Amino acid sequence: MTSVKFLDLLTQYHAIKPEIDEAVLAVLGSGQYVLGPEVEAFEREFAAAHDVAEAIALNSGTSALHIALLALGVGPGDEVLLPAMTFTATAAAISYTGATPVFVDVDFDTCTMDPEEARAKVTGRTKAIMPVHLYGQSADLEPLGRVATDHGLALIEDAAQAHLAEYRGRKVGGFGQIAAFSLYPGKNLGAYGEGGAATTNDPELARQLRLLRDWGQQQKYHHEMLAYNYRMDAVQGAILRVKMRHLEAWTERRRHLAALYREKLAPLGFVTSTEAPERRHVYHIFSIFHPQRDAIQRWLGERGIQTGLHYPVPVHLQQAYRELRHRRGDFPNAERIAAEQLSLPLYPELAEDDVEAVVEALRGWANQPSSGK
Ligand SMILES: *Cc1c(COP(=O)(O)O)cnc(C)c1O
């Protein structure tokens, strides 16, 4: 039977093993295990790749979101706008500051924050707007930026899934005051452990972010503010530097495989991920959308094809946010995505034969009498 994994990190490791092993061993022999020269070099290379002035390397994407909000002065009594369809971390980071997450519905086609809905949600307490470049496609940053400027709000990009994505020819990461990237192993650029980065073009915000990640100290044991231990390990910095050298090629490979899926699935009548004009989608996730999503997932699973759901419960309906008293129907597009979205296998090491196997199984599903066509 065919077997197609949803994600395969080990094949990538084997492909770059000599480079990685050498870099890791060099760190182990250096005696410098947290921050240090490898992490600083990674910061410069990551910033350059995203055309921003500064990158601050951290221990997770969630930490990046958290200190981005703190550096911009978000706290108790404030409201922060975020899309109802995202990974839970976007909302959690807002809650950590004591501010209230205010959900905004998404556009169904791009699965990113709807700018008009965002504008309608602004109140006197709104302090920031946090669009998510979901699945690797930039949110509609021009109109969202206008909402922010018109109301004097900070704009924070949740770019956790969108390394090297572009909007109107410019890399994400520099459209707002601060952007947050995750470097979790399964992300498009992933450490071999936890990792994250914040980017900014503002030197004063960069200074604040560096203080917030390392106990509020510029000089050892002199603490200017209440802060955190959100530092990146040197081993992860060294690993990420190796992977940065491959990221553009891996991104192009993702885009190629996504185009292949789309070309083969459209004639079968499947609604797939779309790429909006003037946005470079980096396909952290490639989706199909179908009312019989669960049946399709089961069908594929029975044929050895692993898939994922991103995400089956929208944030406003999570138990964790029950006190906000949202109900089914509050954000129809987010709820429809939660019910209909299915993530197909897509990663740079996926073979074209694997794409063909997934398509073949979906063709089988579309051709059976109970497929609802
Ligand atoms: C992964 C992710 C995060 C959190 O990143 P971690 O590195 O796992 O803390 C935040 N937002 C989104 C949209 C994500 O996908």
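This passage describes the surroundings of the ligand and several individual residues in a predicted model. Local features were taken at pLDDT of at least 70 and side-chain atom pairs only at pLDDT 80 or more, while totals for chains, interfaces and linings use all residues. Residues are numbered from 1 along each chain as its sequence is written, and side-chain values use heavy atoms, with hydrogens and water left out.

The ligand is surrounded by 16 residues, of which Gly61, Thr62, Gln161, Ser182 and Lys187 are the closest; a residue is near a molecule if one of its heavy atoms lies within 4 Å of it. By residue class, this shell comprises six nonpolar, eight polar and two charged residues. Here Ala, Val, Leu, Ile, Met, Phe, Trp, Tyr, Cys and Pro count as nonpolar, Asp, Glu, Lys and Arg as charged, and the others, Gly among them, as polar.

Polar contacts to the ligand (pairs of N or O atoms within 3.5 Å) involve several side chains, including those of threonine 62, serine 182 and aspartate 158. In the side chain of threonine 62, an N or O atom is 2.5 Å from an oxygen atom of the ligand. For aspartate 158, the partner is a nitrogen atom of the ligand, 2.8 Å from a polar side-chain atom. The side chain of serine 182 places an N or O atom 2.6 Å from a ligand oxygen atom. On its own the ligand has 380 Å² of accessible area, and the protein covers 92% of this; accessible areas come from the Shrake-Rupley method with a 1.4 Å probe, and for residues only the protein chains shown count as cover.

The ligand sits in the largest pocket. A pocket is an open set of points on a 1 Å grid over the protein atoms alone, where a 1.4 Å probe fits, with protein on both sides within 12 Å along at least five of seven lines. A molecule sits in a pocket if more than half of its atoms lie within 2 Å of its grid points. Helix H3 (61-71) and helix H4 (89-96) are the elements that give two or more residues to the shell around the ligand, and H3 gives the most, with three residues. Helices (H or I, at least four residues) and strands (E, at least two) are DSSP runs numbered from the N terminus.

Backbone geometry was examined at individual positions. The peptide bond from histidine 310 to tyrosine 311 is cis, with omega near 10 degrees. Tyrosine 311 belongs to the loop between helix H9 (293-302) and helix H10 (332-340). Leucine 35, although not a glycine, has a positive phi of about 50 degrees. This leucine 35 is found in the loop between helix H1 (9-28) and helix H2 (37-49). With 16% relative accessibility, leucine 35 counts as buried, a term that means under 20% relative accessible area, whereas exposed means over 50% and partly exposed in between (1.4 Å probe, protein chains only).

A positive phi, near 60 degrees, also appears at glutamate 278, a residue other than glycine. Glutamate 278 is placed in the loop between strand S12 (271-272) and strand S13 (279-280) and is exposed, with a relative accessible area of 55%. The C-alpha atoms of glutamate 278 and glycine 169 are 6.8 Å apart in space, although the two residues are 109 residues apart in sequence. Glycine 169 lies in the loop between strand S6 (166-167) and strand S7 (170-171) and is exposed at a relative accessible area of 63%.

Buried positions were found in a strand, a loop and a helix, as follows. Leucine 155, in strand S5 (residues 154-158), is buried, with a relative accessible area of 5%. Leucine 164 lies in the loop between S5 and S6 and counts as buried at 5% relative accessibility. Its C-alpha atom is separated by 25 Å from that of phenylalanine 289, 125 residues apart along the chain. Alanine 258, in helix H8 (residues 234-265), is buried, with a relative accessible area of 0%.

Conventions:
A polar contact is a pair of N or O atoms within 3.5 Å; within protein, one must be able to donate a hydrogen and the other to accept it, and residues adjacent in sequence count only if both atoms are side-chain atoms. On a 1 Å grid over the protein atoms alone, a cavity is a set of points where a 1.4 Å probe fits but cannot get out, and a pocket is an open set with protein on both sides within 12 Å along at least five of seven lines; lining residues have an atom within 4 Å of a point.
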